[in-house]
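This report introduces selected features of one protein structure to a reader who has not met it before. The sequence and the model are shown first, and the description follows.

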Amino acid sequence: MSPVPSIALNDGNPIPQLGFGVFQIQPDQTAAAVRAALEVGYRHIDTAEMYRNEKGVGQGIRDAGLDRGEVFITSKLNNGYHRPDDARRAFDATLSALGANYVDLFLIHWPLPTLYDGDFVSTWNVLEEFAKDGRARSIGVSNFQVAHLQRLAEASQTVPAVNQIEVHPYFTNEQVRAYGREHRIATEAWSPIAQGKVLDDEHITRIADAHRKTPAQVVLRWHIQRGDVVLPKSVHRERMQSNFGIFDFSLNNGEMDAITRLDRGESGRTGPNPDRFDFIPD
C-alpha cells in the first residue's frame, strides 16, 4: 500500500498527491530517472510536450515493469499548438510518444493571453473533446490566473480539474489557490522549493531540526498538509527517496503558519508571470 494519499478531483478521478516531475531532465536521462522514481514508490509522473521527454517517460514505465494503469501520467500542450487542429495533432503525438492510448491528465501548459488573439477558450474546447472520448481521463490548465479561470467559466461547460501553478513558501500564490478551492479546482505546485531558494531559510531549517528532517522534506510536507499536489524532481535516487519520505511526520499549526508567513508576494515568484509569458519553442 502506497503511503501517498490521493485527492479526488472534481470529475471524480483520484490523483496521487505526491508526483515526480521531469522538467529539465534531459531526454536521454528521463527513462532511467522515471524508472528509479517508480522503484522508490512514486506512481504519478508529470511531463509535458515542451520538456521533450515524453518518450522517456513511457519507456521508464515499461522498464520498471509496471502496467500503464498503475501510473498516473500528466502531460501538457505545447505553447506552439494552441490552435484547435494543431492541438489535436499535438495530443496524438503525446500519446504516441508515451506509447499509451490515454493520459490521466492533460493540461494547457500556459494561457498565453498575449498570443493567439488571447483565445485560450477554443484550445480548452479541444481538451474537452479529449475528455469526452476518454483519451484524457481528466483535463486541466497550468499557470492560469484568476481572470483566465473566470473566462473559462464564462465560456465553457467544463471546470478544470487541476491548475498547476508556481507555489512555494516565498510565493504562496494564495489568490489563485483560493479561487481553486472555491471552484473545486485542485492546485498542483511546481517549483515547490523555489529552486532551492527556501532551503536555507532560518525558519524552515529550525522546523527541520525539530523534526530531524531535511528542509526540503519540511517544505514538501507543508504543501501536502495545505492540500495541494506537489511535484518535486531529481535525477538522484537518494533525493527521490528523501522527497518521498514525508509521510511519517506532520507539522503543527504554528509551524504551518510560520512557513506560510514567509510569502513575499509577487517578488517571490521564480518563474515568469503568466499574464505576460509568450514563449513559443522552436
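## Exposure, helix packing and an internal cavity

Gln175 is exposed, because its relative accessible area is 62%, and the cut-off for exposed is over 50%. The structure described here is a predicted model. Gln175 belongs to helix α6, which spans residues 174-182. In sequence, Gln175 stands 30 residues from Gln145, while the C-alpha atoms of the two are 8.7 Å apart in space.

Gln145 also appears in the lining of the largest cavity. A search of the whole structure finds one cavity of 30 Å³ or more, and the largest cavity holds about 50 Å³ of space. Its lining comprises Trp110, Asn143, Phe144, Gln145, Ile165, Glu166, Asn173, Trp190, Arg269, Pro272 and Pro274. By class, six of these lining residues are nonpolar, three are polar and two are charged.

A further feature is the packing of two helices, α7 and α8. Their axes lie 8 Å apart and form an angle of about 95°. The two helices are therefore roughly perpendicular to each other, as angles of 65 to 115 degrees are classed in this way. The table lists the residues that meet in this contact.

| Helix | Residue range | Residues in the contact |
|---|---|---|
| α7 | residues 202-211 | Ile204, Thr205, Ile207 and Ala208 |
| α8 | residues 215-225 | Pro215, Val218 and Val219 |

The residues of the contact of α7 with α8 comprise six nonpolar, one polar and no charged.

Key
Residues numbered from 1 in each chain as written. Predicted model: local features only at pLDDT ≥ 70, side-chain atom pairs only at ≥ 80, totals over all residues. Heavy atoms only, no water. Helix = DSSP H or I, 4+ residues; strand = E, 2+ residues; numbered from the N terminus. Buried < 20%, exposed > 50% of the residue type's maximum accessible area, 1.4 Å probe, protein only. Axes fitted to C-alpha atoms, helices over the stretch in contact; angles between N-to-C directions. Parallel < 35°, antiparallel > 145°, perpendicular 65-115°, else oblique. Contact = heavy atoms within 4.5 Å. Nonpolar A, V, L, I, M, F, W, Y, C, P; charged D, E, K, R; others polar. 1 Å grid on protein atoms, 1.4 Å probe; cavity = no way out; pocket = protein on both sides within 12 Å on 5 of 7 lines; lining within 4 Å. Points joined across faces, edges and corners; volume = space filled by probe spheres on them.
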